[in-house]
Structures are given as structure tokens and as C-alpha cells.
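Biologist: I'd like to go through this one together, step by step. Could you bring it up on the screen?

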Amino acid sequence: MSMPKDPYQGNIQENIVQSWRDFVVNMEKALDMLEKDIDEAAEMASRCTSEWCEATEHIIDELSNSLFSISEPRWSSEEDSKKIKSLRRKLHDLYSRYKTVSAR
């Protein structure tokens, strides 16, 4: 039998979940910006320089490290779990698109 939740504990849990959700929203914004950059690079062959590739790979690595090291709060919802899984798939897809663009 679990102990009843006091208001203090409830506030802590709400703050943790909200902070986690804010982090996920910002990760999604970063992926959207990366997607736009890769799309633009695909349209302009001259943009695919070694500097661009190196910078893009670094960003992908950082996003990957962040997305795959996220520990979901135990109070998060099923929707929260689906969101993080969706972002991980999107990052995987963006990496594939990046590899196609950088191979040119």
C-alpha cells in the first residue's frame, strides 16, 4: 500500500514532469531547426562543405546523446513516452537524410 501523496510531494512531481516536458519541447524545436538546415543543404550543393558536415554531425551527436539519455519521470504519461519515442525516430530519419545529403 502506497503512502498518500502530500501537497509538497505533489508539487515536486509536477515540477519534475513539467521540466522534463519543457526539455522535450526544446529538443523538438532543435530537431525542427536541424531538419530545416538539412533540407536547405539538400537544395544547395555548394552548402555541403566539410565544415557544414562536421558541424551537422556534431549537432546530431549532441541531440542523440541528449535524446537517448533522457530518463522519463515515473509520473510521466503514456503520451510523454510516445513523444520521446517519436523524437528519437525523427532524429534517426534526419541522420539518414543528412548522410544522403553529405554523400554528394
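**Talking through the helices**

Modeller: Sure, and keep in mind that this is a predicted model. Let's start with the long view of helix 1. In helix 1, Gly10, Gln13, Val17, Trp20, Val24, Met27, Leu31, Leu34, Asp37, Ile38 and Ala41 are buried.

Biologist: OK, how far does helix 1 reach from its first C-alpha to its last?

Modeller: Helix 1 runs over 37 residues. At 1.5 Å a residue, you'd expect a span of 54 Å. The model comes out close to that, with a reach of 54 Å.

Biologist: And what covers the buried residues of helix 1?

Modeller: Buried here means under 20% relative accessible area. Residues such as Trp20 and Leu34 in helix 1 fall into that class. Their cover includes helix 2 and helix 3.

Biologist: Which element gives the most residues to the largest nonpolar core?

Modeller: That core has 19 residues, and Leu31, Leu34, Ile38, Trp52, Leu67 and Leu91 have the most contacts inside it. The elements giving two or more residues to it are helix 2 (50-69), helix 3 (78-102) and helix 1 (7-43). With 7 residues, the top contributor is helix 1.

Biologist: Let's zoom in on Leu31. Which residues does Leu31 touch, not counting those up to four places away in sequence?

Modeller: Leu31 is one of the buried residues of helix 1, and it's also among those with the most contacts inside the core. Leave out residues up to four places away, and its list of partners is Leu63, Leu67, Leu87, Lys90, Leu91 and Leu94.

Biologist: Now Tyr98. Is Tyr98 buried or exposed, and why?

Modeller: Tyr98 sits in helix 3. Leaving aside neighbours within four places, it is in contact with Ile38, Trp52, Cys53, Thr56, Glu57 and Ile60. Because its relative accessibility is 0%, Tyr98 counts as buried.

Biologist: How far apart are the C-alpha atoms of Tyr98 and Trp20?

Modeller: Along the chain, Tyr98 and Trp20 are 78 residues apart. In space, their C-alpha atoms are separated by 28 Å.

Biologist: Let's try Lys83. What is the C-alpha to C-alpha distance between Lys83 and Val25?

Modeller: Lys83 is in helix 3, and at 30% relative accessibility it counts as partly exposed. Not counting residues up to four places away, it touches Val24 and Glu28. Lys83 and Val25 are 58 residues apart in sequence, but from C-alpha to C-alpha the gap is 9.4 Å.

Biologist: Switching to charges, how many salt bridges does the structure hold?

Modeller: Side chains of opposite charge can pair when their charged atoms come close. One such pair here is Lys90 with Asp32, at 2.4 Å from N to O. For the whole structure, the number of salt bridges is 6.

Biologist: Which parts does the salt bridge between Lys90 and Asp32 tie together, and why do you call them apart in sequence?

Modeller: Their side chains meet at 2.4 Å, N to O. Since the two residues are 58 apart in sequence, the pair ties together separate parts: Lys90 in helix 3 and Asp32 in helix 1.

Biologist: Which residues are joined into one network by salt bridges that share partners?

Modeller: Glu35 meets Lys90 in a salt bridge at 3.3 Å, N to O. Glu35 also pairs with Arg97, at 3.2 Å. That second pair links distant parts of the chain, with Glu35 in helix 1, Arg97 in helix 3 and their positions 62 residues apart. Through shared partners, the network joins Asp32, Glu35, Asp39, Lys90 and Arg97.

Biologist: Is Glu35 buried or partly exposed, and why?

Modeller: The cut-off for buried is under 20% relative accessible area, and exposed means over 50%. Glu35 has 24%, so it is partly exposed.

Biologist: Last one, on the surface: about how much accessible area do Tyr8, Ile12, Ile16 and Trp75 have together?

Modeller: These four form a nonpolar patch on the surface. One of them, Ile12, lies in helix 1 and counts as partly exposed because its relative accessibility is 35%. Together, the patch has an accessible area of about 400 Å².

Note on methods. Residues numbered from 1 in each chain as written. Predicted model: local features only at pLDDT ≥ 70, side-chain atom pairs only at ≥ 80, totals over all residues. Heavy atoms only, no water. Core = buried A, V, L, I, M, F, W, Y, C linked by side-chain atoms within 4.5 Å. Buried < 20%, exposed > 50% of the residue type's maximum accessible area, 1.4 Å probe, protein only. Helix = DSSP H or I, 4+ residues; strand = E, 2+ residues; numbered from the N terminus. Contact = heavy atoms within 4.5 Å. Expected span 1.5 Å × (residues − 1). Patch = residues over 30% accessible without salt bridge, like charges linked within 9 Å, V, L, I, M, F, W, Y side chains within 5 Å. Areas by Shrake-Rupley, 256 points an atom, 1.4 Å probe, with all protein chains shown as cover.
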